[in-house]
Amino acid sequence: MAAATEEPMPSEPSRIFPQTKNADFQRQFSLAADQRIKNPLGSKMKFSEGVLFMMNSLTGLSLLTLPYGFAQAGLLLGALIIMGCMIISFITATFMCEALTIANALEYEAAEKQVLEHQAPEVRQALRDAIDEVARGDESNSMTSFWRPPTRTAKTCRGSPSCTILQVFQAENRVKNPDREFKIRERVELGAVGERVLKKGSDKVIAATIYVMILSFTYGTVSALVVTVNQSLAHTLLGAWRLIGYGELNANEVYTCCVIVVFFITLPLCFKNLQNTKAFTVVIMWCRFLAIAILLLVGIYKCIERLERESLGSILQDVPLWKPSGFVAVFGNSVFLCGIHHYLPSMISPLKEQTQAPKVIITAFSSCYLLIVSICATALVAWGEETWSKCSSRPGGHYCQIQPLYNLNFAPLSLAGGLSGFVLAGLPGHGHCQHSHRSHHHTEYHGSMASGETAGSGGGRVAVLQDGLSHAGGLGATLHGGSNHHRCASGDPVRGRLCRSLRLLPLPDDSADPMSTDLAPREGQ
């Protein structure tokens, strides 16, 4: 029976306080709430802009490591793992949106209290009179303090006799004007949301735990990026240096220099106010989308080339579908891919239509899912027949199996004179930490070349590798002849090294490719 006497909060047909429909009165609350803002939203974003910015956050590090994961786990299993992680991430992302609106609503209710405290006595009396009208018949009600509960407010306070007139007013205003109260006026970051919502007792421990999780995630992200950014940058510099014919550089020294340069560029930025970086982000975003488009289009082109040589049935037999042993390779990257909740306040708050936030999230997730599965599927088909474990780093060189860093599969791309391959291979902010790579840049051509150039002279080795031994005493003329192996096996040590570099003789040391994309030198070098 007790439960039957409990009444809900004021519903739409009922209205206790006429002030809740007074636009001027409500505007005072909005102005007070705006004055309490510490982190203003800045420029607004359209729906399409919100989707693009969220996709920009999703297509980061994991996009280039997932093709390798799909090769380990299979196409079907990999697609299901990503779908499951994205569903869970979408659900929790909506929770994050709710927490963001609640954090803003708490500030709005604080502004309500602040405004009502400074109202003229007649305004506060009018609120008391409204309660008196509801609680008519109680002789003591007209003397009720504004900040103390009226005697009969069961119909407006869920049956609680301790409800104050302020709480009654806020409850009705919340129902009558939800767009004002739950409007996101301020970009409240994840940790600050916890501080505002979790204020009492043990809840403070949970709020502190949020910061621990953010720090842990940030540390892991930065640890991955600091390696892969410099690895890709060093790889690009080494490839470009060889292409223009200035000989060889020490891979470890180049990598170390990249780390130092990036450190001294990044360190000052840590102390800058980088709130207004929309223009910079837009440029980076479109560069990234362009690179992703090239990855997908080149993969599709390679698939078509393979379809012209092989039947569809034989190709599908080579594509792995279900390999549970590779579950971790995809799952770890999927968690990393979907962990964008700490970005949501910056991506959701500036939306012009904030009620479309869930639609923005699901649109970005769905588009990113289709993009990732398409790239991984084309990768499995395009590079499924390759036998080389590492790709050549020179334009027009040989391709290889799917690499842990998928952008390194495109190093031999000769589009735009090889520039496209270097750009893709040096994509910043992408990749997976791979320290187990072995360097095969050790091949040296000692002595004099048949053309008279020494290994150290400008462009000696590079010219030989690029021009098909056109300067190697006529050896290049026999590349397509039937006496390659005979001439390579003639016993000439210089000719032998040269033939190994062009695959005319088996390479020593596990068939190491002298133009491999690896950076780490062999032991003892």
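This is a walk through some of the bonds, contacts and helices in the structure above. Keep in mind that the model is predicted.

Let's begin with the cysteines. A disulfide is a covalent bond between the sulfur atoms of two cysteines. Searching the whole structure turns up one disulfide, and the partners are Cys391 and Cys400, with an S to S distance of 1.8 Å. Which hand does this disulfide have? The torsion about the S-S bond of Cys391 and Cys400 is about -80°, so the disulfide is left-handed. Both ends are out of reach of the probe: Cys391 is buried at a relative accessible area of 0%, and Cys400 is buried with a relative accessibility of 0% as well. Cys368, on the other hand, is in no disulfide. The nearest cysteine sulfur to that of Cys368 belongs to Cys338 and sits 8.0 Å away, and a disulfide needs the two sulfur atoms within 2.5 Å. Cys368 is itself buried, again with a relative accessible area of 0%. Cys97 is another buried cysteine, with a relative accessible area of 13%.

Next come the charged pairs. Side chains of opposite charge can pair when their charged atoms come close. The count here comes to ten salt bridges, and a few of them are worth a look one by one.

Start with Asp24 and Arg27, which form a salt bridge whose closest N and O atoms are 2.7 Å apart. How far apart do Asp24 and Arg27 lie in helix α2? They are three residues apart, so about one helical turn separates them. Asp24 is exposed, at 51% relative accessibility, while Arg27 is partly exposed, with a relative accessible area of 42%.

Asp318 and Arg306 make another salt bridge, and here the closest N and O atoms are 2.8 Å apart. This pair links distant parts of the chain: Asp318 is in helix α13 (residues 312-318) and Arg306 is in helix α12, with their positions twelve residues apart in the numbering. Is each partner buried or partly exposed? Asp318 is partly exposed, at a relative accessible area of 45%, whereas Arg306 is buried at 0%.

The third example joins Glu181 to Arg174, with 3.3 Å between the closest N and O atoms. Glu181 is buried, with just 1% relative accessible area, and Arg174 counts as partly exposed at 28%. There is a further member to this group: Glu109, Arg174 and Glu181 are linked in a network of salt bridges.

Back in helix α2, have a look at Ser30. That helix covers residues 23-35 and Ser30 is part of it. Ser30 is buried, with a relative accessible area of 10%. What does Ser30 touch, once residues up to four places away in sequence are set aside? The contacts are Tyr108, Arg180 and Arg185.

A similar look at Arg196 takes us to helix α9, which runs over residues 190-197. Arg196 counts as buried, at 17% relative accessibility, and that value falls under the 20% cut-off for buried. Leaving out neighbours within four places in sequence, Arg196 is in contact with Ala103, Leu106, Glu107, Glu186 and Val188.

Helix α3 is a good one to check against ideal geometry. This helix has twelve residues, 47-58, and spans 17 Å from the first C-alpha to the last, close to the 16 Å expected at 1.5 Å a residue. Which residues of α3 are buried? They are Gly50, Val51, Phe53, Met54, Met55, Asn56 and Leu58. The cover over the buried residues of α3 includes helices α12 (278-309), α14 (327-338), α15 (344-348) and α16 (357-382). One of these, α12, is also the helix that holds Arg306.

Finally, move out to the surface. A nonpolar patch of about 790 Å² is made there by Leu76, Leu80, Met83, Ile87, Ile91, Phe95, Leu321 and Trp322. One of these residues, Phe95, lies in helix α5, which spans residues 75-117.

Conventions: Residues are numbered from 1 along each chain as its sequence is written. This is a predicted model: local features need pLDDT of at least 70, side-chain atom pairs count only at pLDDT 80 or more; totals for chains, interfaces and linings use all residues. Side-chain values use heavy atoms; hydrogens and water are left out. Buried means under 20% relative accessible area, exposed over 50%, partly exposed in between (1.4 Å probe, protein chains only). Helices (H or I, at least four residues) and strands (E, at least two) are DSSP runs, numbered from the N terminus. Contact means heavy atoms within 4.5 Å. Patches are made of residues with over 30% relative accessible area and no salt bridge: like charges are joined within 9 Å, nonpolar side chains (Val, Leu, Ile, Met, Phe, Trp, Tyr) within 5 Å. Accessible areas come from the Shrake-Rupley method with a 1.4 Å probe; for residues, only the protein chains shown count as cover. A salt bridge is a side-chain nitrogen of Lys or Arg within 4 Å of a carboxyl oxygen of Asp or Glu. The expected span of a helix is 1.5 Å times one less than its number of residues.
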